[in-house]
Amino acid sequence: MKTSTLKKLIGTTVASLCFVSVSGLPAMAGQLHNGWNYGIDSFADGSGGESFNIRGIAIKETSDSIFVALTGGTPLTGVANNGAADKNIGWGDLFLNFTNKNFTTASNDKSLFGVRFAGTNDSQVATTGLYSNVKGASVTNVNHGYSTLKQYYGAGFDKVNTQGTDLATKASVYSYFGEKTAILNVIDSGANKLGGIQSLSATALQNQGLNFGFFSAQGSQTLGFSLNKSDLGLADGNYDYMASIFLECGNDGVALNGGVSVPEPGSLAGLALVGLTVLGSRLSKRQS
Ligand SMILES: [Ca+2]
Ligand SMILES: [Ca+2]
Ligand SMILES: [Ca+2]
């Protein structure tokens, strides 16, 4: 979803002159607070109790990085559970869908981006990092989980905001993920690794302005990571995406509609120069 070059140029120029954030923040849903875009999840839809309850996701964009934060009751290294093949149920992988198509279609087309950030989960890619050409795979069956979203909803979790505030209704969730298809919650093998990620503690995220408490959504576990925006390989422009994640068992999930702005390399320095030139000519006119 690229906007016209002129519109972007104007937007970037204004941002440069005003010395504010240059992130274009394209039209997005979610809830903005202090530079972070929040998707707050139902607090009552974690099957199996608070250890498997996601409370929210938040994403922040800077000129060169994307920060992702999650909060709830599930630690980064998961929770011991004898019902799982590896005796552990934890976080699945994060998916980023820039295609404007539903998740199932984007997955079948292998056109998702994905991030494995939990080094001990059942992802089908070997190492943590950012991936492209991603197709989703399901690991709910080896994690004592739900085979479909219909089964999950039928088990008593048909709540408001089961996928967060941006996919608030069951109809919108079925439309995006499918009703009777497998819950795809990790990156399938064969994806293309684009780069590494930096794991971030709750304190490091707070230092970036993160505050789930503003929405009374702070869980016992808050975790996250950052990635290099340039690793996405996106052409210059503004993009919308849908981010989504499930636990390995499908016992909870959350989605967030957000935006990424990619400025042209070197454009900031150039526009700052334009700004100074304009300022200089105004000053000289005033003096004459
Ligand atoms: Ca939840
Ligand atoms: Ca597992
Ligand atoms: Ca949920």
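Colleague: Which protein donors hold the calcium ion (ligand 2), and at what distances?

Modeller: Asp86 (OD), Asp86 (OD), Asn88 (O), Asp122 (OD), Asn143 (OD1) and Glu248 (OE) are the protein donors, lying 2.3 to 2.8 Å from the calcium ion (ligand 2). Bear in mind that this is a predicted model.

Colleague: How should I read the angles at a metal, and what is the geometry of the calcium ion (ligand 2)?

Modeller: Start from the ideal. Six octahedral donors have angles of 90 or 180 degrees. At the calcium ion (ligand 2), the angles among the six donor atoms run from 49 to 164°. That site is irregular.

Colleague: What spacing do its donors follow along the chain?

Modeller: For the calcium ion (ligand 2) the pattern is D-x1-N-x33-D-x20-N-x104-E. Now place two of these donors. Asp122 sits in the loop between strand 8 (112-116) and strand 9 (129-134), and Glu248 in the loop between strand 15 (237-246) and strand 16 (253-262). The pair therefore ties together parts that are 126 residues apart in sequence.

Colleague: Are Asp122 and Glu248 buried or exposed?

Modeller: Asp122 counts as buried, at 17% relative accessibility. The cut-off for buried is under 20%. Glu248 is buried too, with a relative accessible area of 0%.

Colleague: On to the calcium ion (ligand 1). Which atoms coordinate it?

Modeller: Asp41 (OD), Ser42 (O), Asp45 (OD), Asn53 (OD1), Ile54 (O) and Asp252 (OD) coordinate the calcium ion (ligand 1), at 2.2 to 2.4 Å. The donor residues are spaced D-S-x2-D-x7-N-I-x197-D in sequence. Asp41 and Ser42 are both buried.

Colleague: What arrangement do the angles give there?

Modeller: Octahedral. The six donor atoms around the calcium ion (ligand 1) subtend angles of 81 to 174°, which makes the arrangement octahedral.

Colleague: Which residue bridges the calcium ion (ligand 1) and the calcium ion (ligand 3)?

Modeller: Asp41 does, and the two ions lie 3.8 Å apart. The calcium ion (ligand 3) has as protein donors Asp41 (OD), Asp41 (OD), Asp45 (OD), Thr162 (O), Asp252 (OD) and Gly253 (O), at 2.1 to 2.5 Å. Around the calcium ion (ligand 3), the six donor atoms subtend angles of 53 to 168°, so the arrangement is irregular.

Colleague: How are the donor residues of the calcium ion (ligand 3) spaced in sequence?

Modeller: They read D-x3-D-x116-T-x89-D-G. One pair links distant parts of the chain: Asp45 lies in the loop between strand 2 (36-40) and strand 3 (54-61), and Gly253 lies in strand 16, 208 residues apart. Asp45 counts as buried at 0% relative accessibility. Gly253 counts as buried at 1%.

Colleague: Now helices. How do I read a buried face, and which residues of helix 3 (residues 149-157) are buried?

Modeller: The general idea comes from the turn. An α-helix has 3.6 residues a turn, so residues three or four places apart point the same way. In helix 3 the buried residues are Leu149, Tyr152, Tyr153 and Phe157. Seen down the helix axis, they fall within an arc of 95°, so they line one face of helix 3. Their cover includes helix 4 (170-177) and strand 15.

Colleague: Let us try strands. Where is Thr71, and what does its side chain contact?

Modeller: Thr71 is in strand 4 (residues 65-72). The Thr71 side chain makes a polar contact with the side chain of Thr222, at 2.8 Å. Thr71 is buried, with a relative accessible area of 0%. Leaving aside neighbours within four places in sequence, Thr71 is in contact with residues including Ile54, Arg55, Phe212 and Gln221.

Colleague: How far apart are Ile187 and Val134, in sequence and in space?

Modeller: Ile187 and Val134 are 53 residues apart in sequence and 6.3 Å apart in space, C-alpha to C-alpha. Ile187 belongs to strand 11 (residues 186-187). Ile187 is buried, at a relative accessible area of 0%. Not counting residues up to four places away in sequence, Ile187 touches Val134, Phe95, Val115 and Tyr131, among others.

Colleague: Finally, the whole protein. How many helices and strands does it have?

Modeller: Six helices and 16 strands. Of the 288 residues, 49% are buried. Among contacts between residues at least 6 apart in sequence, 71% join residues at least 24 apart. The accessible surface comes to about 12700 Å², and 54% of that belongs to carbon and sulfur atoms.

Key: Residues numbered from 1 in each chain as written. Chains lettered and ligands numbered in written order. Predicted model: local features only at pLDDT ≥ 70, side-chain atom pairs only at ≥ 80, totals over all residues. Heavy atoms only, no water. Donors = N, O, S within 2.8 Å, 3.2 Å for Na, K, Ca; no water. Tetrahedral: all angles 85-135°; square planar, octahedral: opposite > 155°, others 65-115°. Helix = DSSP H or I, 4+ residues; strand = E, 2+ residues; numbered from the N terminus. Buried < 20%, exposed > 50% of the residue type's maximum accessible area, 1.4 Å probe, protein only. Contact = heavy atoms within 4.5 Å. Areas by Shrake-Rupley, 256 points an atom, 1.4 Å probe, with all protein chains shown as cover. Polar contact = N/O pair within 3.5 Å; in protein donor to acceptor, adjacent residues only side chain to side chain. Arc of directions from axis to C-beta.
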